[in-house]
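Work through the following exercises with the sequence and the coordinates side by side, and try each task before reading its solution.

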Amino acid sequence: MEKTLILIKPDAISKKLTGIIIDRIEHLGLDMKAAKVAFVSEEIAKEHYANLAGKPFLPSVISFMRGDFNGIKDHRIYAFVYEGENAVSKVRAALGATDPAKAEPWTIRGAFGCFKDGVMQNCVHASGTPEEALREINIWFKPEEVL
Ligand code: TYD
């Protein structure tokens, strides 16, 4: 069965949107297989965003993921693994486009995201492909932490 990684980003945590976001994910009919509070080191953020290596906006994306914005200095996020048929595409559809300005208003990013301080503050990360999901789950979770 297909798995996907979901990270609730610091903007969503600071706006107290975690519950509403997880509610939307759970309504997709997927099963929660793992959940934890995760510390975001510079290293893990770089590994997670390895596909963005060399992009000019990578440093701000990393510092945003680490909560270094809006006066927040809490380097923790919430990480989840959800599983189900077509879990990756279902969650990405619920998220909407990467850029909150382009995301449909009924999607999570369209409803709650914004562009601020030079970075897309789009509330949630979710894996883009099933292969990416396996790589990303490995970064954030030990095998024994995933049901
Ligand atoms: P990316 O992996 O391309 O998108 P997604 O999160 O939808 O898989 O980009 C990672 C994050 O980088 C994205 O969530 C927001 C940020 N980002 C910017 O701030 N500016 C940009 O131009 C892009 C492409 C991404």
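**Exercise 1. Determine whether phenylalanine 80 and tyrosine 82 are buried or exposed, and describe how their rings are arranged.**

Solution. Begin with accessibility, where buried means under 20% relative accessible area, exposed over 50%, and partly exposed in between, with a 1.4 Å probe and protein chains only. By this criterion phenylalanine 80 and tyrosine 82 are both buried. This is a predicted model, in which local features need pLDDT of at least 70 and side-chain atom pairs count only at pLDDT 80 or more, whereas totals for chains, interfaces and linings use all residues. Residues are numbered from 1 along each chain as its sequence is written, and side-chain values use heavy atoms, with hydrogens and water left out.

Next, consider the rings: those of Phe, Tyr and Trp (its six-membered ring) pair if their centres lie within 6.5 Å, and planes under 30 degrees apart count as stacked, over 60 as edge-to-face and the rest as tilted. A search of the whole structure yields one aromatic pair. Phenylalanine 80 and tyrosine 82 form this pair, which is tilted, with 6.2 Å centre to centre and 35° between the planes.

**Exercise 2. Identify the strands that pair with E1.**

Solution. Helices (H or I, at least four residues) and strands (E, at least two) are DSSP runs, numbered from the N terminus, and two strands pair if DSSP finds at least two bridges between them. Strand E1 (residues 3-8) is joined to strand E3 (residues 76-83) by six bridges, and the two run antiparallel; here leucine 5 has valine 81 as its bridge partner. Three bridges join E1 to strand E6 (residues 124-126), again antiparallel, and isoleucine 8 is partnered by valine 124 in E6. Five of the six residues of E1 are buried.

**Exercise 3. Work out where the buried residues of H7 lie around its axis, and what they pack against.**

Solution. First list the buried residues of H7, which are Ala133, Glu136, Ile137, Ile139 and Trp140. They cover an arc of only 155° around the axis (taken from the directions from the helix axis to the C-beta atoms), and therefore lie on the same side of H7. The face turned away from this buried side carries the exposed residues Glu131, Leu134 and Asn138. Finally, with contact defined as heavy atoms within 4.5 Å, the buried residues of H7 pack against E1, E2, H3, E3, helix H5 (87-95) and E6.
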